[in-house]
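Please open the model in your viewer and keep the selection tool at hand. The stops below are meant to be followed in order, each one a selection to make and a short account of what is there.

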Amino acid sequence: FFLRSPTIESRRVWQSEWISAHDNFLGARILYSPDNFRRIDAWPMETGFLDSLPDYPGSGIVSDGTLEITASSLQEQHQITDASEVALGFHVLEYYAFERDIDDFGSDAPNYQKRRQLVQLAAELLLADIHSFSQAQEAEPEASQHSYPLLLLKIQRRLQLMFSELGLLGEHIPHNKESIQNVTIQLDAIAELLDEPVGLNHFLIELSPENTLTFNATLLEAQTL
């Protein structure tokens, strides 16, 4: 919708939809290895790898006259020599939705057609990747999905990864304190697993009532902070 009519109003709709989609993804991903969604949520990213910057008007794959913007070329360029060279995933769309000047999508802007094409293809590839991610989780054996010990192990791994995310505060585009919000959403999702209907707290209490109380209190404090 935004690409057909790049206005302030349509951009606000895009921004709202991006936040909603990304928040939902963060809540869904907490039980899965980052290898399953590395391309979907790749960050931090060098925006100059994607597009021109004020001090470097010729930078980025959008400005590269020898590179055609296609699904294949974006997949090939993604993290081609460094993890920060991101050409796919949520944060490509985040950059264009929140940080890039809206005038860069107008017909008077240099490379506007390639820029629009990149955004369109990035959105289509992201949708395909999320669909594949969803299918992979649905295919996981039902027994493993409801195994309390396995759930605990997955939560432990996710908490360890969240420490790394906290170390990257400030790397995100600062439209809504994104890094902090990412961690908050994941903490909230873990808290939901402790209560009904999953009821992981019942299992934890059987293991150690005292440690369960400590864990719940610590989790609540982390959510509040």
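Begin by selecting Asp 129 and Arg 39 in this predicted model, and show their side chains, which meet in a salt bridge with an N to O distance of 2.7 Å. Asp 129 belongs to helix α5 while Arg 39 sits in the loop between α1 and α2 (47–50), so the pair ties together parts that are 90 residues apart in sequence. Colouring by accessibility separates the two partners: Asp 129 counts as buried because its relative accessibility is 16%, under the 20% cut-off, whereas Arg 39, at 27%, counts as partly exposed. In general, side chains of opposite charge can pair when their charged atoms come close.

This pair is part of a total of four salt bridges in the structure. For the next stop, select Asp 51, Arg 100, Asp 104 and Arg 115 together, since these residues are linked in a network of salt bridges.

Which residue pairs with Asp 51 at 3.5 Å between the closest N and O atoms? That partner is Arg 100, and the pair links distant parts of the chain, with Arg 100 in the loop between α4 and α5 and Asp 51 in the loop between α2 and α3 (71–77), 49 residues apart. Both Arg 100 and Asp 51 are buried.

Keep Asp 51 selected and add Arg 115, which also forms a salt bridge with Asp 51, here with the closest N and O atoms 2.7 Å apart. Arg 115 lies in helix α5 and Asp 51 in the loop between α2 and α3, so that this pair, too, links distant parts of the chain, 64 residues apart. Arg 115 counts as buried at 2% relative accessibility, and Asp 51 is buried with a relative accessible area of 0%.

Now turn to the largest pocket, which holds about 500 Å³ of space. To find the pocket, select Trp 14, Glu 17, Leu 93, Val 119 and Ala 123, which lie nearest its centre among the 19 residues of the lining. The elements that give two or more residues to this lining are α1 (8–29), α4 (90–99) and α5 (112–138), and the largest share, seven residues, comes from α5. If you colour the lining by residue type, you should find 14 nonpolar residues, two polar ones and three charged ones.

Stay with Trp 14, which lies in helix α1. Is this residue buried or exposed? At 14% relative accessibility, Trp 14 counts as buried. Leaving aside residues up to four places away in sequence, Trp 14 touches Phe 2, Leu 93, Tyr 96, Ala 97 and Val 119. You can also draw a distance from Trp 14 to Leu 3, C-alpha to C-alpha: the two are 11 residues apart in sequence and 10.0 Å apart in space.

For the last stop, colour the protein chain by pLDDT. The mean over the chain is 85, and 87% of its residues reach 70 or more. Where is confidence lowest, and where is it highest? The lowest confidence falls in helix α6 (residues 142–145), at a mean of 51, and the highest in α3, at 96. Where pLDDT is low, the predicted coordinates should not be read in detail.

Key: Residues numbered from 1 in each chain as written. Predicted model: local features only at pLDDT ≥ 70, side-chain atom pairs only at ≥ 80, totals over all residues. Heavy atoms only, no water. 1 Å grid on protein atoms, 1.4 Å probe; cavity = no way out; pocket = protein on both sides within 12 Å on 5 of 7 lines; lining within 4 Å. Points joined across faces, edges and corners; volume = space filled by probe spheres on them. Helix = DSSP H or I, 4+ residues; strand = E, 2+ residues; numbered from the N terminus. Nonpolar A, V, L, I, M, F, W, Y, C, P; charged D, E, K, R; others polar. Buried < 20%, exposed > 50% of the residue type's maximum accessible area, 1.4 Å probe, protein only. pLDDT = per-residue confidence, 0-100. Contact = heavy atoms within 4.5 Å.
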